[in-house]
Amino acid sequence: MISKRYNILLWLAIVLALLSLVLINCNAAYHNWRFDFTSDSYFSLSPKTKDVLKAVKHKGLKVKIYVLLDRLNAAYADTKILLQRYNVSDAVDVIYMDQDRDPAGTKAILDRLKIKENNIIVFECGQHQRFVKSTGLYEWSKRSPLDKNPAKVIGFRGEEVITSGIMSVSEDTPKFAYAVIGHDERSLSNTGVDGCSKFAQAILRANIGIKTIATLNAPKIPEDCNLLIINRPRSIFKPHEIKLLDMYLKRGGRLLLLMDAPIEIRPYQSANINLKNYFKKWGVTINNDLVIDSTQNLAGFGAGTLSAKVFGLHSVVKRMGNTPLIFSNARSIDLPTDKTAGKVQKDMDWTPLVRSSQDSWGEQDLSKLTSISKDAKDVQGPCNLAVSFSRLFKDAKGKATIARVFIIGSSVLASNRNAIGFEHSSNYDFLMNTVNYLTGREEVSGIGPRRPENVRLNLSRSQLKVIFILVMLIMPLLIALIGLIVWYFHRSKRFR
Amino acid sequence: MRALQQLNAMILRELRSYFLSPMFYIISIAFLLMNGLIFSVIISALQQPDAPHGAVMKSFLGGNEFVLYYIMFVVPIITMRTFSEEISTGTIELLTTVSISEKTIVLAKYISASLIYIILWIPTLLYPIILSNYTHIDIGPIVTGYIGLLTLGCMFTAIGVFFSVWTRNQVIAAITTIMVLFGIFGAGMGEYTMASGTMREVAIYINIWSQLENFSQGILDVNALIYYASVAMLFLWAALQRAEAKRWK
């Protein structure tokens, strides 16, 4: 009788114990208690992403993320760890699909979304959908045609890509940036060092479409233009083009203007005169100078290449900390001062973003760049290298619109040039923050890539041998020696 | 207080018997040889120009499945003697007659076996120290990698102790434990074999390989720690029930 009762109680206890195990783990599974201990927070979400997820949740939306990556692909493991962080939010729902094991289910989703690609991550929210390829998740090393080794991963852009994907499908309309052409601008499609293809790729990764516009022939700037980019124009803007620009800005347009110091253009005084005159009317002067900074000159580069600190509390630079940007062939931009503020247009707001140091100056005499010295005619430092300003306009019906303009005094930081171009991490962050801000995506401003711990050891043969002897011979022998000593003392104690 | 003293005394007794046994040194040497070989292979592989991105310690602590395989063999060898030996030699009767509770005995045997497993890993701490002479070392993933390996081993130890209570034959105890550990490992592989559904979600949650990989990447996976702790507690509780049942018999 006792034995029977004991057995019943035991079985009951076993059931309860198993139930507790399941309940504890079910509860744990609903939480994401995972903490990133990597030195560069490789797998953590940035505050910007958290803001995006909050915004999506606030809108009452849910973004479905279909992961259709090959499980043997390296991107699968990195993406999976990262998506665990996203999956905590109610704003997203991550669904893993396997093309090999569930071809029918995967095909059904791909057919529904009308996608014919493989190895992709798909974002879907309501009627909106986007996808990114697995290769787009990484930043790859450069490879010369003679190099037989494959390109290497030098950065993981997972967070940037996924957050942008979530943003793009949760937005009401797709975003487009228009690049102005016809003035010998730096091309966004040029993959050479003077081109800006890397900048363009980053914009595309942010799910902002890129189109070009030849303003000379265009009747107007298209309505779907969220951002107009004028990237180092080297020939004059005709009055018709200035009129188009004016109409665009008056309807609340966003402009990113990058202008180098006019050292390559002859005669530099007249280049872009109309564009400069247009902004002069706003109270903003684009100087015909080259900014020189003797104390912040970048070692190994010419006098015109300098590092400059971000300035001000504008949201574009607020989160960038104290990291310097690299400017090359930069010109200075003067904003309205306290004295001239009364004379400039009403409803105008401005802020400097990047400034050179106190010791810098804007060299006005560009004909004698071989012997540069600061004199009274030059623009006195600190010089504004990048500025932001906005102006309130009202149409005939009294509807208010705000035009926003960013002028950056150098286009080299958007170029493909090594070390001083777009690849420099601060330049990247600054430009992408600017693009995201101007397209109304402040939240996603410049989520930089994560650098993997890329250790290819370069040990000599003798170093390898030392390690091998140490771990395969000395360490096990030491343990054997300890064992022998213990055995000897134990034996002698026993026989004493 | 008395129970704690008894527990301490029991742990010391168990550790002493491990350290005086040649088996411990044989396991230690085999363990170090295996680890040394894997470490050397990883270092050689990362020397190649087309080596994938990654770090030596990340690959060593969880980026390769061999670590998991030999833990699944080493732990049962440590735990097989915890109860089986005492049952076969009859010394378990002595313990139970000197008013030491079964709870203390099970706990002491579990703690000492876990400590032995942890001690086995201590010499491998020299690996990152050796490596730091040649390359940059990120301490975070190394710490989490060891946390993962040690806590997983403690869960395996609890399972091993449970099977050791059941039999007087050490080999049977070890083989049964190895089979169950491979069963747990295999169940987690469902993550890669099942297409989707609740069962796959469960497989993802219990996948010890992917958990170990997360730890080695620098992620402190508290969910996994909860899983390890809950499974360990279940098996220890079951071992205790079995030990108590034996006394009543």
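Two strands pair if DSSP finds at least two bridges between them. Helices (H or I, at least four residues) and strands (E, at least two) are themselves DSSP runs, numbered from the N terminus. With that in hand, start where the chains meet. In β1(B), L220(B) is the bridge partner of F35(A). Strand β1 of chain B covers residues 219–221, and 3 bridges join it to β1(A) in the antiparallel sense.

This is a predicted model, in which local features need pLDDT of at least 70, side-chain atom pairs count only at pLDDT 80 or more, and totals for chains, interfaces and linings use all residues. Residues are numbered from 1 along each chain as its sequence is written, while chains are lettered from A and ligands numbered from 1 in the order in which they are written.

Now widen the view to the whole interface. Contact here means that the C-beta atoms of two residues, placed from the backbone, lie within 7 Å. By that test, 50 residues of chain A are in contact with 54 residues of chain B. On the side of chain A that touches chain B, the elements giving two or more residues are α1 (2–29), β1 (34–36), α3 (74–86) and α11 (461–495). Helix α11(A) gives the largest share, 15 residues. By class, this side of chain A has 32 nonpolar, 9 polar and 9 charged residues. In that count Ala, Val, Leu, Ile, Met, Phe, Trp, Tyr, Cys and Pro are nonpolar, Asp, Glu, Lys and Arg are charged, and the others, Gly among them, are polar.

Take one residue of chain B as an example. S40(B) lies in helix α2 (residues 22–45) of chain B. Across the interface, S40(B) touches I467(A), F468(A), V471(A) and M472(A), leaving out residues up to four places away in sequence. S40(B) counts as partly exposed because it has 16 C-beta neighbours inside 10 Å. The scale is this: a residue is buried if 20 or more other C-beta atoms lie within 10 Å of its own, exposed if 12 or fewer, and partly exposed in between, with C-beta atoms placed from the backbone.

Chain B has 14 helices and 1 strand. Of its 249 residues, 46% count as buried. Among contacts in chain B with a separation of 6 or more, 79% are between residues 24 or more positions apart.

Next, the interior. A nonpolar core is a set of buried Ala, Val, Leu, Ile, Met, Phe, Trp, Tyr and Cys residues joined through C-beta atoms within 7 Å. The largest has 106 residues, and A158(B) and A239(B) have the most contacts inside it. Helix α9 (residues 139–166) of chain B gives the most to this core, with 13 residues. Apart from this core lies another, of 71 residues, including I221(A) and F406(A).

Finally, turn to the sheet in chain A. Its 4 strands form an open sheet in the order β3-β2-β4-β5, with mixed pairing. The edge strands are β3 (92–96) and β5 (128–133), each pairing on one side only. Strand β2(A) (residues 63–68) pairs with β3(A) in the parallel sense over 5 bridges. There, V63(A) has V92(A) as its bridge partner. At the other edge, β4(A) (residues 120–125) and β5(A) run antiparallel, joined by 6 bridges. I120(A) stands opposite K133(A) in β5(A). These two strands, β4(A) and β5(A), form a hairpin with 2 residues between them, and G126(A) in the turn has a positive phi of about 60°.
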